[in-house]
Amino acid sequence: MKIAIVGAGAIGGYFGGLLARGGHDVTLIARGAHRDAIRANGLTVESKDERFTTHPACTENPAEAGAQDLVILSLKAPAVPDMTEKMLPLFGPDTAMITAMNGIPYWYFYKHGGPLDGYRITSVDPGDRQWNLIGPQRAIGSVVWVAGAIAAPGVIHHGAGNRLPLGEPDGSRSERVQHFSAALTAAGIDAPVHDNIRQEIWTKLWGNLSYNPVSVLTHGTLEGLSRDPDARRVLAAMMEESKLVGERLGIDFPVTSEQRMAMAEKVGPHKSSMLQDLEGGRPMEIGGLIGVIAELARKLDIPTPTIDTVLALLKTRARVAGTYKD
């Protein structure tokens, strides 16, 4: 199977390495020193249990790869608008795309059936570019439960987790989603098919939309924020406000905000991905993680005062850092 990984960083590179080792025709879309190292020496994946090297194709230009059977989009959300048109040569008539990203994806309300069925999310997909150019019909949803880092150009360090649940927007167990699930599973990726992938998306989002922005404003770790009484009040308020939005859209929340914070505390002194991006001088995933909640709350006429305040401060922090993208 021909598979392109758009955004072959820590997570995309990990998936690409496993799929290439599994015998698939993999093309990594990467750039700079990472691309050069992969071309020269191959892609190395290392973990506590093993270390292996594969030699997938690697290019900065998707047009060189041509049409694929599957595209795995593993970019940070701020990078997607600039890549949307460049990705188009990867898509043939039947090419599917797995959105392996944090937050609410552009296709979220495609075949949703709820109060916002068919709604296009401005904070996630400005100008409807992904919806219009790629199309929601190609999308297969997923949630990334994997931690990793680029240890050196061409070298991926896999830290923890190996789960990438998949799901069709309409909840069906289509032939294509079962085919891709089987292929990823055979390559060593835990990729079960879910009947309600949106529920899984919110399970991860509920923590990300609160801890990520608050960590940027305070530089606190997950453990530290969970133990700080003032931070906990803000985190809990954001969770409760977003819970109202999720419930209006048909999402169940099987744990309380207190239980969710206890889960975050157990992660330990870990910096959120958004804080890591701030410290690295990279654009943060503001739209997909928290801006989208404020946008949907307005559409549903749900007040979110804490989320709105934190979002305003987060945007200001990004402007001060010189990394804000509307």
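## Exercises on two sheets

I3 stands opposite L70 in β6. Let's build outward from that pair, keeping in mind that this is a predicted model.

**Exercise 1.** Find which strands β6 is joined to, and how they run.

*Solution.* Start with strand β1 (residues 2-6): 4 bridges join it to β6, and the two run parallel. Next, turn to strand β7 (residues 91-99), which is joined to β6 by 5 bridges, again parallel. L70 is a handy marker here too, as its bridge partner in β7 is A96. Finally, trace the chain: β6, helix α3 (residues 80-87) and β7 make a right-handed β-α-β unit.

**Exercise 2.** Explain why strand β6 is largely enclosed by the rest of the structure.

*Solution.* Begin with the cut-off: a residue is buried when its relative accessible area is under 20%. Then apply it to residues 68-73: because 5 of the 6 residues of β6 are buried, the strand is largely enclosed by the rest of the structure.

**Exercise 3.** Place β6 in its sheet and work out what happens around β5.

*Solution.* First write the order of the 7 strands, β5-β2-β1-β6-β7-β8-β11, which form an open sheet with mixed pairing. At the edges are β5 (57-59) and β11 (166-167), each pairing on one side only. Now look at β5: it pairs with strand β2 (residues 25-29) in the parallel sense over 3 bridges. Within this pair of strands, T27 stands opposite A57 in β5. Last, add helix α2 (residues 32-41), which lies across β2 and β5 and runs at about 155 degrees to β5.

**Exercise 4.** Describe the sheet that contains β3 and β10, and the helix that packs on it.

*Solution.* Take the order first: 4 strands, β4-β3-β10-β9, form an open sheet, and the pairing is mixed. Its edge strands are β4 (51-54) and β9 (145-152), since each is found to pair on one side only. On average, neighbouring strands of this sheet are turned by 25 degrees against each other, direction ignored. Moving inward, strand β3 (residues 43-46) and strand β10 (residues 155-163) pair in the parallel sense over 3 bridges. To locate this pairing in the model, pick E46, whose bridge partner in β10 is H157. Then bring in helix α1 (residues 10-21): this helix packs on the sheet and touches β3, β4, β9 and β10. The direction of α1 makes about 95 degrees with that of β9.

Definitions and conventions:
Residues are numbered from 1 along each chain as its sequence is written. This is a predicted model: local features need pLDDT of at least 70, side-chain atom pairs count only at pLDDT 80 or more; totals for chains, interfaces and linings use all residues. Side-chain values use heavy atoms; hydrogens and water are left out. Buried means under 20% relative accessible area, exposed over 50%, partly exposed in between (1.4 Å probe, protein chains only). Two strands pair if DSSP finds at least two bridges between them. A crossover is right-handed if, with the strands pointing away from the viewer, the path from the first strand over the helix to the second runs clockwise. Axes are lines fitted to C-alpha atoms, for helices over the stretch in contact, and angles run from 0 to 180 degrees between N-to-C directions. Contact means heavy atoms within 4.5 Å.
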